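Colleague: I'm new to this one, so could you walk me through a single part of it up close? Keep it casual, please.

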Amino acid sequence: MPMHLKLIIAGLGGQGVVLLTRLMAHAALSLGHEVMVSETHGMSQRGGSVSSHVKIGGSDAPLIRRGAADALLALEAEEAVRNLPYLRPGGVLFVNSENGLREELKPHIERLQIKVWSLPASKMALELGTPAVTNVLMAGFAAAHPVIALPLETLRETIVSLASRGR
């Protein structure tokens, strides 16, 4: 069955947004879906904003309009806030955070019926002794949700494939 997903991936330079984008795109491609990716690199080497637009299925344009994304996968809470305008009403936000987003955003999020799922992925990665896997933890977390619905086995195979090719 064809998959249709408009996904924004956001974070800071050095957090692995580019690798996470490749992981999600290649996993979808391996399942036979059409994929279009557009990356925006801010001051990525200095910890600046980095985001990508991933469209899986049925689209000619590479960028996702504001208010049209089905999901936002954020590697940092403030980057989630910065990219929140891209989410459509009823969209889903996956954020690397222990406590979700700032409390003052709650009325806005509720009004737009955005569902927020948070995971302390950075903390978990540190506990594993490998901070660099924060993005992979977030990929698995988001992929398990029906809005993204990429099989974990497909993600695992894609990670191995990307690693063997040197990304």
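Colleague: Let's take strand E4: which residue stands opposite Ala71 in E4?

Modeller: That would be Leu7. Bear in mind that this is a predicted model. Leu7 belongs to E1, the strand covering 5–12, and E1 pairs with E4 in the parallel sense over four bridges. E4 itself covers 69–74. It also pairs with E5, again in the parallel sense, this time over five bridges, and there Ala71 stands opposite Val92. Between E4 and E5 you can follow helix H2, residues 77–83, and the three together make a right-handed β-α-β unit.

How enclosed is E4? Six of its six residues are buried, so the strand is largely enclosed by the rest of the structure.

Now for the packing. The largest nonpolar core has 28 residues, and Leu7, Met24, Leu73, Ile148 and Leu150 touch the most other members. Elements giving two or more residues to this core include E1, E4 and E5, along with helices H1 (17–30), H5 (134–143) and H6 (152–164). H1 supplies the largest share, six residues. Ile148 is a good one to click on: leaving aside residues up to four places away in sequence, it touches Met3, Leu5, Leu7, Met24, Ala71, Phe94, Ala142 and Ala143. So our facing pair, Leu7 and Ala71, turns up in that list too. Apart from this core lies another, of 18 residues, with Ile8, Leu72, Ala74 and Val95 among them. As a general rule, side chains in a regular strand alternate between the two faces of the sheet.

Note on methods: Residues numbered from 1 in each chain as written. Predicted model: local features only at pLDDT ≥ 70, side-chain atom pairs only at ≥ 80, totals over all residues. Heavy atoms only, no water. Core = buried A, V, L, I, M, F, W, Y, C linked by side-chain atoms within 4.5 Å. Buried < 20%, exposed > 50% of the residue type's maximum accessible area, 1.4 Å probe, protein only. Contact = heavy atoms within 4.5 Å. Pairing = 2+ DSSP bridges. Right-handed = clockwise from strand over helix to strand, strands pointing away.
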